[in-house]
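Let's walk through this structure together, starting with the surroundings of the ligand and working outward to the fold as a whole. Have the 3D view ready so that you can follow along.

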Amino acid sequence: CCVILVSSHDFYRLIPGKLGCEVHGIDIGIPQPETVIALIKKDVTEHRILIFKNQHNISPDKHVEISRWFGELESSTISRHAKSPSDDILRVSNDAKEGLYNVGRKGWHIDGSFFPKPYSHALYQMVHVPMDGDTVFVSLNDIVKGLSEEQLARFERLSVITTRPNIIHPLIYSHPETNEKVLCIHMGFSQGFVWDKGTAQERNASKSENNDIKNELNRQYMRDNKKIQYSHKWEVGDFIITDNLAVGHEAALSSQFPRSKVGLRVLHRVTVAGKTVPTKKYDLPQMQKKDEL
Ligand SMILES: O=C(O)CCC(=O)C(=O)O
Ligand SMILES: [Fe+2]
């Protein structure tokens with residue numbers, strides 16, 4: 001539909017893909033000057049996903065070190081598998097002896113949505129690449145942009161009840177860096193929705209409303225025959241950095257296929273602590289705040 005122009009240097013070439021960019025020419029496993037780190041950080045925000053190709057120098061320690069470019073790590077909820085090389089690395093696998101089994105299969109999600117400040121970034125390395133077992137990503141702003149006017153108006157009124165007591169986020173809010181409208185939800189782990197939170201009309205959605213909303217949302221992630229999705233087929237040497245607040249993701253069904261069929265799949269993930277509470281930086285029409293009454 002359009003030509004995307006990106007800034008590129010010989011040592012750092014961005015190639016736009018369906019969602020995000022592939023990055024060629026740079027070896028981020030070797031020390032990088034501050035200017036390059038700043039460029040990478042800017043590009044992750046701008047393109048949402050950077051897929052660094054041919055990375056063969058990223059040890060687990062280096063993975064953790066690169067993740068710190070983006071801020072403090074948040075690893076408190078990581079259940080450490082016996083084979084995980086670090087407290088900061090979530091190690092997932094299609095073989096329970098090698099890593100945590102069945103991670104990322106409970107529905108479309110951002111990571112850490114149950115925190116007051118959901119993770120800002122996630123950094124993924126497939127340390128054993130299977131023959132099948134994609135990670136699938138969707139731009140959350142694309143989802144919002146594809147809603148009908150009526151749906152958008154209705155979804156703007158919703159907040160999501162997470163798995164943690166009193167952690168409730170607006171379903172739609174302003175991304176802290178880009179101000180684009182994005183979703184804050186784990187489709188599999190949210191307990192339900194609240195209408196018009198903080199207003200005189202506040203009420204919990206009914207059971208059937210909760211189901212309907214979830215179905216309606218799920219259809220958005222599948223929209224246009226899944227054309228909205230980017231399914232990443234992992235290649236040896238891929239290292240992915242995502243703006244966790246800008247993209248939803250899910251492990252493909254094939255990520256759980258047995259080792260005997262698709263080979264061993266082992267993914268390392270490091271997550272960066274969020275810096276902001278999801279907030280709408282715009283007013284909704286016809287909303288009366290409780291304290292104005
Ligand atoms: O296994 C995958 O492809 C992704 C799993 C996931 O959702 C995660 O690690 O956050
Ligand atoms: Fe995830």
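A residue is taken to be near a molecule if its C-beta atom, placed from the backbone, lies within 6 Å of it. Keep in mind, too, that what you see is a predicted model. With that cut-off, the residues around ligand 1 are Leu90, Val92, Val103, Gly104, Asp111, Thr135, His249, Ala251, Ser255, Leu267 and Arg269. Three elements each give two or more residues to this shell: β4 (90–93), β15 (247–251) and β16 (266–272). Sorted by class, the shell holds five nonpolar, four polar and two charged residues.

From the ligand, follow β16 to one of its partners. Strand β5 (121–128) runs antiparallel to β16, and seven bridges join the two. Within this pairing, Met126 of β5 stands opposite Leu267 of β16, and Leu267 is also one of the residues around ligand 1. β5 has a further antiparallel partner in strand β14 (residues 239–243), with five bridges between them. Here Leu123 faces Ile241 of β14. How much of β5 is covered? Six of its eight residues are buried, so the strand is mostly covered. As a general point, side chains in a regular strand alternate between the two faces of the sheet.

β5 and β16 turn up again when you look at helix α2. The helix spans residues 60–67, and its buried residues are His63, Val64, Ile66 and Ser67. Why can we say that they line one face of the helix? Looking down the axis of α2, the buried residues fall within an arc of 160°, and therefore they line one face. Among what covers these buried residues are β5 and β16.

Now move to the loop between β4 and β5, where you will find Asp95. Asp95 has 16 other C-beta atoms within 10 Å, so it is partly exposed. Its contacts, leaving aside neighbours within four places in sequence, are with Arg259 and Leu264. Asp95 also makes a nice example of chain positions brought together: Gln256 is 161 residues away along the chain, yet the C-alpha atoms of Asp95 and Gln256 are separated by 8.4 Å.

Set beside that pair, Ser139 offers a useful counterpoint. Ser139 sits in strand β6 (residues 135–139). The C-alpha atoms of Ser139 and His128 are separated by 26 Å, with their positions 11 residues apart along the chain. Is Ser139 buried or exposed? It has 23 C-beta neighbours inside 10 Å and therefore counts as buried. Not counting residues up to four places away in sequence, Ser139 touches Leu19, Arg48, Ala246 and Val247.

One of those contacts, Arg48, deserves a stop of its own. Arg48 lies in the loop between α1 (34–47) and β3 (49–52). Its phi is near 80°, a positive value in a residue other than glycine. Arg48 counts as buried because it has 27 C-beta neighbours inside 10 Å. Asp224 is another residue other than glycine with a positive phi, in this case near 50°. Asp224 belongs to helix α6 (residues 223–226), and with 8 C-beta neighbours inside 10 Å it counts as exposed.

Another stretch of strand pairing involves β7, β11 and β12. β7 (residues 158–161) and β11 (residues 192–195) pair in the antiparallel sense over four bridges, with Val160 opposite Phe193 of β11. β11 also runs antiparallel to β12 (residues 203–204), and two bridges join them. In that pairing, Val194 has Asn204 of β12 as its bridge partner.

Finally, step back to the whole chain. Its secondary structure comes to seven helices and 16 strands. The radius of gyration is 19 Å, close to the 19 Å that the globule rule gives for 293 residues, so the chain is as compact as a globular protein of that length. Along the principal axes, the C-alpha atoms fill a box of roughly 60 × 40 × 35 Å. Of the 293 residues, 38% count as buried. Among contacts with a separation of 6 or more, 78% come from residues 24 or more positions apart.

Definitions and conventions: Residues numbered from 1 in each chain as written. Chains lettered and ligands numbered in written order. Predicted model: local features only at pLDDT ≥ 70, side-chain atom pairs only at ≥ 80, totals over all residues. Pairing = 2+ DSSP bridges. Nonpolar A, V, L, I, M, F, W, Y, C, P; charged D, E, K, R; others polar. Buried ≥ 20, exposed ≤ 12 C-beta atoms within 10 Å, placed from the backbone. Arc of directions from axis to C-beta. Contact = placed C-beta atoms within 7 Å. Rg over C-alpha atoms; globule rule 2.2 N^0.38 Å.
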